[in-house]
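Hi,

Here is the structure I promised to send over. Have a look at it first, and then read on for what turned up.

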Amino acid sequence: MSRPFRFGVNLLTPAPAGEWRAKCRRAEELGYDVILVPDHLGMPAPFPALVAAAEATRRPRLGTFVLNAGFYNPALLAREVATTDALTGGRLELGLGTGYVPAEHESAGLPYGSPGERVDHLRHTVAELGRLLGSGELPQSRLRSTGGTPMPRATQSRVPLLIGANGDRMLRLTAEHADIAAFTGARPGSAPGSLEPLTAEELDERVARYRGLAAGRAQPAELNLLIQLVAVTDDPEPVLKPLLERQPQLTLDAALALPIVLAGPLEELVARVRAQRERFGFSYLTVLEPYMEAFAPVMERLRAESA
């Protein structure tokens, strides 16, 4: 039986306090289940942005999509996670990835490393977060012994873990540890920090690889897909023109067939989302902030059908 749909929006643009809270409230009004924040330099800092989102809303879950593990020391990250989960009333979902933009690490004065080194660091981070958050070994025990004020513990007994993955080692890590397996629908491009979209057939292979690695799980993970473009339109060609210019190997028909693209009439998009859940298992879809309003009628129609 298919999982019920969940829908998230990834808020990318920094804003003053009032404007930030207003767009979080708008996401809630539109019916989004999860308000997400990415982890790129020049975009909002994830944890304070999520605390502000919690203050402005009541229902949505709140998540990182996804943290660049190379930016963080695991012990310090555990403190951020525990505090944020406490301050958001147990609404946090923690998304982690290796990072894919070398220039961001250079700007931050941090090593980027090889793909293997980045996966190793993420694996270590996941293990340390499990130990520190799951065993109560955060530094509050030492603060108590010296008379200090203990830091908040996470409200949830387990903060749900999302891992964004595509390569084999990352899919194995996801299969072993993640509550939510997030597929980017893209691979690193030839230019540093760029991505190239996967075809439906290529994504089939990646999902099948994940399912094989996750075959022994007691509880199946929720599968997520990040949708890169949404347009409800009878004429998708003008909307897709920038994508075709960035990805000259694609024809218009090939672009329309990409799993990460939703462009066309409303009924067609609704049917496409249902079909992708049946084909790939994607019940949790994330859209980018510029498409928050455009995706709302698709989301509304899907919910009405399942009511």
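Leaving aside its neighbours within four places in sequence, which residues is Thr-125 in contact with? Before the reply, one caution: this is a predicted model. The contacts of Thr-125 outside that stretch are Ala-69, Pro-74 and Leu-77. You'll find Thr-125 in helix α5, which covers residues 115-135. Its relative accessible area comes out at 0%, so Thr-125 counts as buried.

Now for the aromatics. Searching the whole structure turned up 5 aromatic pairs. One of them joins Phe-7 and Phe-295 edge-to-face, with 5.5 Å from centre to centre and 65° between the planes. The angle earns that label because planes over 60 degrees apart count as edge-to-face. Phe-7 belongs to strand β1 (residues 6-10) and Phe-295 to helix α12 (residues 292-306), so this pair ties together parts of the chain that are 288 residues apart in sequence. Both Phe-7 and Phe-295 are buried.

There's a cluster to look at as well: Phe-183, Tyr-210, Phe-280 and Phe-282 are linked by ring pairs.

Two arginines also caught my eye, each with a ring for a partner:

- Arg-6 has its charged end over the ring of Tyr-284, at 4.4 Å from the ring's centre.
- Arg-277 lies over the face of Phe-5, and here the distance to the ring centre is 3.9 Å.

If you open the model, you could begin with Thr-125 in helix α5, then go to the pair formed by Phe-7 and Phe-295.

Cheers

Terms used
Residues are numbered from 1 along each chain as its sequence is written. This is a predicted model: local features need pLDDT of at least 70, side-chain atom pairs count only at pLDDT 80 or more; totals for chains, interfaces and linings use all residues. Side-chain values use heavy atoms; hydrogens and water are left out. Rings of Phe, Tyr and Trp (its six-membered ring) pair if their centres lie within 6.5 Å; planes under 30 degrees apart count as stacked, over 60 as edge-to-face and the rest as tilted. Helices (H or I, at least four residues) and strands (E, at least two) are DSSP runs, numbered from the N terminus. Buried means under 20% relative accessible area, exposed over 50%, partly exposed in between (1.4 Å probe, protein chains only). A charge sits over a ring if NZ of Lys or CZ of Arg is within 6 Å of the ring centre and within 35 degrees of the ring normal. Contact means heavy atoms within 4.5 Å.
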